[in-house]
Structures are given as structure tokens and as C-alpha cells.
Amino acid sequence: MTEFAAVKAALKTQAVETPSWAYGNSGTRFKVFAQPGVPRTPEEKIDDAAKVHEFTGAAPTVALHIPWDRVDDFAALAKHAEERGLTLGAINSNTFQDDDYRLGSVCHPDAAVRRKAVGHLLECVDIMDATGSRDLKLWFADGTNYPGQDDLRERQDRLTEALAQVHDRLGDDQRMLLEYKFFEPAFYATDVPDWGTAYAHCLKLGPKAQVVVDTGHHAPGTNIEFIVATLLREGKLGAFDFNSRFYADDDLMVGAADPFQLFRIMYEVIRGGGFTPDVAFMLDQCHNIEAKIPAIIRSVMNVQEATAKALLVDRDALAAAQRSGDVLAANAVVMDAYNTDVRPLLAEVRTELGLDPDPVAAYHRSGWAERIAAERVGGQQAGWGA
């Protein structure tokens, strides 16, 4: 098989999970900008996600967020997705939008609040049972704002206890994915602030617990690909949340801030054996000022382009240069792959899959944007308020 044929074969297997919340209204802490045609129900979010998959061929799953996507019958929701060529992906918990969680959720000093938070996480596992979802994704906004506000060590003990309860409830084919975030909304200490803290908890929990690397959740200058390489080496990388950030938040389109970084991350994924279904490629983005569906299509394409370039790295030549200590030659191998225009290659992949070579243009020609703007009138648009 030629080099390009092998790359195309690999690209045809890639799947990127899109998040239900990215199809709804979102914004900053100060303003949420509503758009016409935004979904009003989980079913309409799935309908939009199906359009992303229709035009990219690479987004067969959609993640849910509870309670934002709560319905009376989750099995019926899974059937709705199946009828549109999708399956339901990760179930994302929410322990940060209730007044009881002002001082934390699973790390809260009040045992009653901790029981409430754990109860919600266990409910999410019940939903996984109903939807057939494999992954429970956990992100905690827990932390403190001031020195002395709470005991840092005791908060870790509470977190350990809560995670263990949820881990024990998981089925044989289910996983817990623990996310970390450098800061926000806690400004003094965050209870899961980095990959090391997440890794330590997952290591203690066992094989069903894996770490999520959110590409926007690191201090400036952090070498994310080193984290990826290390977690893969230890067998603890479970998923990515792909997005970008320029300063502090993390909800911009993947590859928008630093496409070279995304390429480097994808190279380490491929180098470390992570280009498999065991590592979930998920988007975690909020499209505040841009149209939702085209932005998600473009995000999927950005991941595909970074992956294609990473697959083109001549690993034999790179290894030879590394062994000989030829610094410039080694870097040149990497840069040659990165500087390759892979858009024609991906257009060929899409054509061979029976897709339009330009997914964004195909979406705009489809008339879906005009249709949903005309039909989705009245009711309550999905979004997180503000």
C-alpha cells in the first residue's frame, strides 16, 4: 500500500464526537447571543448533529449533557439518533449549575450536598444504561477562592470517595472519563487542576477510569503533547475534548489558535498507539458569534487535517535523525509533514466515501439552515442562559 493510500485508509476510520450543547445558544458570562434555527429539544440537537455527519462522514456520535438534554425516555432518544445514522456518545454530568454547589459538589464540606452530587452522577450512569453509552464524562467546577476557605487535603479525600462510588456502579463495558481544568470558576485552588491530579485519581480507581485531555485547559506554554505521550504510555488516556483558547477560556474552534499544536498532539496520538476507538476524539466548544453547524463541520475538518499531516510524518526518517542526533534533520521531517497541503487528499477521501469534497459548501447548498430557521419558531431555544 502506498503512503497516501495508507493515510487515506486511516482517515476513513476517524470519528469525531460532537457535543449537543454546541448546537444551542451560548456566549460569554455577560451575554448569550441567540440565533435563528437553534434547537429547542434534544431531538433537534440530534437532527443538527446528523447533518454534520452527513456532510463530513466523520461525526457518527453525539454527546449528551445532563440535565440540559434530559428527556422522559432515553431509549427513545437513542432510537431517534439511530434513525438519523447516529449513536449517543458520552454522557456529561453537571454539578455546577445549582445553588447548592456554591462551595463545591463532590468536594463540598456538607455531606448532604455531596450525596446530592453523587446521586446526579449515578443518575448519569442510569442514563448510560438506557442509551448504550460507553463513557461518563466528569468535570467538576469544585475549588476555593480564598486561602483557608476549606481544607485542601480533605477536599481530595471527598473527591476520592465520590469517584469510587460512581466507579463501582459502572458496568463492564462502561468507563469514567475524568477531566481537569487549570482554573475557573475557582480562583485560589481548583480540586482537579491538572493532568497529574486526574491521573492519580484514575490510577487509584482502576482500569475503568481514564483521563480526558481538554486542549484548552492548560497554563500558557504547557506542552500538551508531552501530557498526551505520557498518558498513552501509561494506558490512561481515554479521550480528548478538542477546542482552542487564546487567553483563558477554552471554547473556540479546535485548531483556531494554534493548528501546529493540534498537529503535534495528533502525531503523539498516532505515535503512541492512540488512534483507536479506545481514545475518544470529542469536541467541547461553544459557538458564540458564528453559525453553529458550519462551525462544527469546520472543527471536524480541522481535526481531520491535523490527523492527515500527522499520518504523513516519515517515522523511519525521523527515528534515524533522532538516533544520529541530527537536530535539524529531525525537525525538518516534522515540518515537512506539517507544511503539506492535505486538503486535496481529504477531498479524495470524501469523494471515495461518496461525500461532497467540500463539506461546508455542501451544507450551505443543502438549505438546512433556511429550513430550521423557518420551522423552529416558538418554544424555548436550547442554551445555558445569561
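## Two cis bonds and a buried valine

At 13% relative accessibility, Glu184 counts as buried. Buried means under 20% relative accessible area; exposed means over 50%, and partly exposed lies in between (1.4 Å probe, protein chains only).

This is a predicted model: local features need pLDDT of at least 70, side-chain atom pairs count only at pLDDT 80 or more, and totals for chains, interfaces and linings use all residues. Residues are numbered from 1 along each chain as its sequence is written, and side-chain values use heavy atoms, with hydrogens and water left out.

Where does Glu184 lie? Its place is the loop between β8 and β9. Helices (H or I, at least four residues) and strands (E, at least two) are DSSP runs, numbered from the N terminus. The phi of Glu184 is near 85°, a positive value in a residue other than glycine. Most residues other than glycine have a negative phi, and most peptide bonds are trans.

Two peptide bonds here are cis. The table lists them.

| Cis peptide bond | Omega | Place of the proline |
|---|---|---|
| Ile66 to Pro67 | about 20° | Pro67: loop between β4 (61–65) and α3 (74–83) |
| Glu184 to Pro185 | near 5° | Pro185: loop between β8 (175–179) and β9 (189–190) |

Glu184 thus has a positive phi and a cis bond to Pro185.

Now to Val32. This residue sits in strand β3 (residues 32–33). Is Val32 buried or exposed? Val32 counts as buried because its relative accessible area is 13%. Val32 and Gly383 are 351 residues apart in sequence. In space, Val32 and Gly383 are 8.3 Å apart, C-alpha to C-alpha.
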